[in-house]
Amino acid sequence: MITDKQGEEAVTEIELWANRIASSTDPKAQASAYYDADSSTYVLRLAKGNRVLLFRLSEAQIRTPERQEECEKILKRKI
């Protein structure tokens, strides 16, 4: 589980997690996140140099302990 919080309250923990994974994979990569209440998803923004990639993770992916490894694989693949 990346965080047990929901919505906007979870964004800080998700950003910390994403930046930890990003920096271990590529020190030049930076991650930021925000919560999209309309779709109940977290939008992650990966930036590396002049390239930017946006993708979404669902609340289920963020809050389910068994899916943290899946989320890490997704993030590393995107970097």
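Helices (H or I, at least four residues) and strands (E, at least two) are DSSP runs, numbered from the N terminus, and two strands pair if DSSP finds at least two bridges between them. This is a predicted model, in which local features need pLDDT of at least 70, side-chain atom pairs count only at pLDDT 80 or more, and totals for chains, interfaces and linings use all residues. Residues are numbered from 1 along each chain as its sequence is written, and side-chain values use heavy atoms, with hydrogens and water left out.

Begin by selecting residues 30–36, strand β1, together with residues 41–48, strand β2: the two run antiparallel and are joined by 7 bridges. Within this pair, A31 stands opposite L46, while Y34 has V43 as its bridge partner. Between the strands of this hairpin lie 4 residues, and S40 in the turn has a positive phi of about 55 degrees.

Next, add residues 51–58, strand β3, to see an open sheet of 3 strands in the order β1-β2-β3, with antiparallel pairing. Because β1 and β3 stand at the edges with a single partner strand each, one side of each is left without a neighbour in the sheet.

Now select helix α1, residues 11–25, which lies across β1, β2 and β3 and runs at about 155 degrees to β1; such angles run from 0 to 180 degrees between N-to-C directions, with axes fitted to C-alpha atoms, for helices over the stretch in contact, where contact means heavy atoms within 4.5 Å. Finish with helix α3, residues 68–78, which packs on the sheet, touching β2 and β3, with its direction at about 165 degrees to that of β3.
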